[in-house]
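Hello,

Here is the structure I promised to pass on to you. Have it open while you read, and I will walk you through what turned up.

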Amino acid sequence: MSGDARLRRPLIREQTVATLLVLALIIVLVLIIALPLWSLLSKSLQNASGGYVGLANFATYFATPSMVSALFNSLGVALMTTLLVVPLAFAYAYALTRSRMPAKGVFMGIALLPIFAPSLLGAISLIYLFGNQGVLKGLLFGHSIYGPIGIVFAEVCYCFPHAVMIIATGLRLADGRLYEVAEALGTKPTRVFFTITLPGVRYAAISAAFVVFTLVITDFGIPKVIGGQFTVLATDAYKQIVGQQNFEMGAVVGLILLVPAVLAFFVDRQIQKRQVALLSARAVAYEPKPAPMRDALLLAFSSVIGLVLVAMLGMAIWASFIRYWPYNLSLTLAHYNFGEFEPGGWEPYLTSLAMAGCVATFGTGLVFLGAYLVEKTKVPMPLRSLAHFLAMLPMAVPGLVLGLGYVFFINAKSSPFGWLYGTLAVLVINTIAHFYTVGHITATTALKQIDGEFEAVSASLKVPFWTTFRRVTVPISMPAILDIAVYMFVNALTTISAVVFLYGPSTKLASISIIHMDESGATAPAAAMATCIVLTAIGAKTLHVVLDRLVFSRLQVWRKR
Amino acid sequence: MLLGIGGRMAGEAGAEAVFVAIRNLSKHFGAFQALKDIHLDVKRGEFVSFLGPSGCGKTTLLRAIAGLDRQSGGTIAINGRDVSNAPPSERDFGIVFQSYALFPNLTIADNVGYGLVNQRRSKAEITARVAELLAMVGLSGQLTKYPAQLSGGQQQRVALARALATSPSLLLLDEPLSALDAQVRLRLREEIRDVQRRLGVTTFMVTHDQEEALSMAERIVVMNHGVIEQIGTPEEIYRNPATTFVAEFVGRISLLPGVAHGIDAVEMAGRRFLATRAAEIADGAAVEVGIRPEAIRVRGVTGSEPNALPVRITDLEFLGAFCRATLVAEGAPGLTLIADFSANLLRDLGLQQGAAITVDLPADALRVFPARASA
Ligand SMILES: Nc1ncnc2c1ncn2[C@@H]1O[C@H](COP(=O)(O)OP(=O)(O)O)[C@@H](O)[C@H]1O
Ligand SMILES: [Mg+2]
């Protein structure tokens, strides 16, 4: 009977293939995430020749006044920024979600602008506005923008989008019924605000505070450009590693940087759980009632903030086209002639494009396939849980720390990966690892929405799971896949902290070139290079939106009823 | 070219042989035991339904047969071959889920032909086979539509055609009709039954709807809490329920407390009724006596029958073609019966709420069960 032939055991079983793939995924994630972190940890416990010294390096660290002062500088700046950003972001998110203010979409877009620029772009703008030749220098009353003031100002703008997104999400989860009940009971609006609105977003606000604190403490670009003599942890780590080749101290600083990030990670996990509970209990979405006074006030506030954000981006872009700030304001493209300021000329920009392109391509592929294997295969649970854990790990690791880990991992004496140092490959791998988690979460969420029985149906039809992956899962998940690709592309373009330790002479990236040009006093060309990155990033996002609207909606006719 | 579809006619040689043999099957989810010691033999071409309340383990059993979720213990043999450890692709079955699990980005034709492409058949062969299958489920001419453009019932038919495309020897249906509205459900019941008969494909259908099981299955496996309560034809299950659970789950029944009395009688509320019972119920043991609503006789009851019982109609519920009456035995409020009276009967005897009548509980309609611990 022909049926028997079909039932013969195949050469290699699907289950075996799936298990091997999950094992391969685990090995890859261990290599690109776990082992570099391990190297950092072990390096901090070793002396220069690799001998185990226990906590001696930490003792040295805390006994060196200049290093401890960098730690306190970092804590101070991060705390200050957090205290400023969270209330501002709350008010802005409140305007976006709880008012009938006009042009909410535009204001949301403006709030997200900083995401498309390297962090240091805002710092460059500040130098133009408040620096030695700044037009608004007088507003500082003799204080210098080079130092904590400039850092905090630039960090506030840089962190603003992240805080707004988290708090706006929290506000959107509110249960409209609570407000209806309060209104029916004749509760005064101020009382409603303090007894319902604020408690409702406290988790989101705490989460935002931790995220902001971590972003600031691990940011490298802003303090590098505008910090002046004011050292913070991130610039200190750079100085230890790149300047003084003091790897042990660099590792210690890296581990210290890891503490707030890990803390933020676990706080966020807890908060996510509570927010999910809120969401599932939600019955009615909140509809803001008209209140002209409130809307006018919030519009005024949002306009001021929006203007500052646009100015922080626009100043640097404008300055990049100006002949000689502030004395000759005629327009020119001279600063884009990078060859005059930077040995590589346009090379760094092209390298950045290549790097971001590779990260978007290979990173998205790896992330999506990985999430699929974890989510949809029948491989024993412990293996899949391990892969999931590894995929979630980078969320808790700042770029700078991961970059340091890579330095130690591939430069270790026994390492077989020494040849990778300074190659485009290591920049790509490190950046994929750095941004792995958000992609993994996006992919997992999309996969969870797909009918869980597709794999079962394929198995019954004797179609191997990889065929169904190709013919069904990937096409259905295309929107999520594009989201991940664009996210990776934009972040790979703007990242500095992770790659600053890893680039080589032939793989200098645009973001690093900006730092170098700025260091050598060529601020306008630095602004020009930053402008190139911003425009490319915004261009990629715009292209994504347009493609999504026009092309893919046409390709995906099957979504229509 | 009906090759393949008609490949396994019921009545073929060996039709009486056991096709699926399940032995000692058990399944644990952590500490929770979802299946306990399941034994089941199914003949080739049989239509078997797993019936039971939600959460009783029907899906778990079906998925174990498919190999989608491996059992914790016991064996499964299909067509004489032990497949206990074989992956799904090495068992020969088609499956239809409650959600249908149609691939939304593929056309109806591609969905139905999904398993054929992999068999290295020629394009023309696949096209012909897909057309044949869609004609069989009454969906010719919908080839290029996408699942989202079809109604629930049509999607269900596509899922059925896809499951049958590779001419599997086993068809597994997990609550295939429960997502549909009542009318479509009734029509599809017949269509599925019809297709199954024509192809002679051995079929397991999971359902929690007793009416569905009674009307479609040749044999019903009634399950509760992970164990099989009874296996039998719809008629056996209905007329001769093995346990009070089966009696109550399948159809309506009145269960009355009583005591076994002599070899062929029970005592209820101080009165003696003739009723045969299973040998393992000892004389004097507490029992529950069951009677179906339609078995209660009213017409021509003289009162001299051995099981005659004077009752009062305390409630009459109008249900269209008939009325459901609640009867309470005179002088014994513990004896409450449910009876179905046709409109004719009501009219002829002038029955009304509050009326006192005498009914007969025929001895061969009384089922005697050991009393449940809680009863
Ligand atoms: N993957 C699982 N993990 C834990 N418990 C499960 C799992 N799948 C099913 N169960 C439990 O096993 C029991 C039987 O489930 P199932 O077979 O789906 O019931 P049904 O008869 O409704 O199809 C239920 O109590 C269910 O909660
Ligand atoms: Mg079920």
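Leaving aside its neighbours within four places in sequence, A:Asn73 is in contact with A:Phe230, A:Thr231 and A:Val232; contact here means heavy atoms within 4.5 Å. You will find A:Asn73 in helix α4 of chain A, residues 65-98. Its C-alpha atom and that of A:Leu233 are separated by 7.9 Å, although the two residues are 160 apart along the chain. Helices (H or I, at least four residues) and strands (E, at least two) are DSSP runs, numbered from the N terminus.

Before you go further, please keep in mind that this is a predicted model: local features need pLDDT of at least 70, side-chain atom pairs count only at pLDDT 80 or more, and totals for chains, interfaces and linings use all residues. Residues are numbered from 1 along each chain as its sequence is written, chains are lettered from A and ligands numbered from 1 in the order in which they are written, and side-chain values use heavy atoms, with hydrogens and water left out.

Now to chain B as a whole. It has ten helices and 19 strands, and its C-alpha atoms fill a box of roughly 80 × 45 × 40 Å along the principal axes. Of its 375 residues, 54% are buried; buried means under 20% relative accessible area, exposed over 50%, and partly exposed in between (1.4 Å probe, protein chains only). The accessible surface of chain B comes to about 15900 Å², and 52% of that belongs to carbon and sulfur atoms. Such areas come from the Shrake-Rupley method with a 1.4 Å probe, and for residues only the protein chains shown count as cover.

Next, have a look at ligand 1. Which residues surround it? They are B:Phe29, B:Phe32, B:Ala34, B:Ser54, B:Gly55, B:Cys56, B:Gly57, B:Lys58, B:Thr59 and B:Thr60, where a residue counts as near if one of its heavy atoms lies within 4 Å. Helix α1 of chain B gives the most to this shell, with three residues. Both β2 (32-43) and α1 (58-66) of chain B supply at least two residues each.

Some polar contacts are worth finding on your screen. A polar contact is a pair of N or O atoms within 3.5 Å; within protein, one must be able to donate a hydrogen and the other to accept it, and residues adjacent in sequence count only if both atoms are side-chain atoms. A backbone N or O atom of B:Gly55 lies 2.6 Å from an oxygen atom of ligand 1, and a polar backbone atom of B:Gly57 is 3.0 Å from a ligand oxygen. B:Thr59 uses a polar side-chain atom, 2.5 Å from an oxygen atom of ligand 1. Taken alone, ligand 1 exposes 550 Å², and the protein buries 57% of that.

The two chains also meet. B:Asn105 sits in the loop between β6 (93-96) and α2 (108-112) of chain B, and its side chain reaches the backbone oxygen of A:Arg471 at 2.9 Å. B:Asn105 counts as buried because its relative accessibility is 10%.

Salt bridges come next: a side-chain nitrogen of Lys or Arg within 4 Å of a carboxyl oxygen of Asp or Glu. By this rule there are 25 over all chains. One of them joins the side chains of A:Arg13 and B:Glu90 (2.7 Å, N to O). This pair crosses between chains, from the loop between α1 (2-7) and α2 (14-44) of chain A to the loop between β5 (81-82) and β6 of chain B. Is each partner buried or exposed, or in between? A:Arg13 is partly exposed at 22%, whereas B:Glu90 is buried at 4%.

A salt bridge also forms between B:Asp92 and A:Lys462 (3.4 Å, N to O). It too crosses between chains, from the loop between β5 and β6 of chain B to the loop between α19 (454-460) and α20 (465-476) of chain A. B:Asp92 is buried at 7% relative accessibility, and A:Lys462 is buried at 15%. In addition, A:Lys378, A:Glu453, B:Arg63 and B:Asp69 are linked in a network of salt bridges.

Happy exploring!
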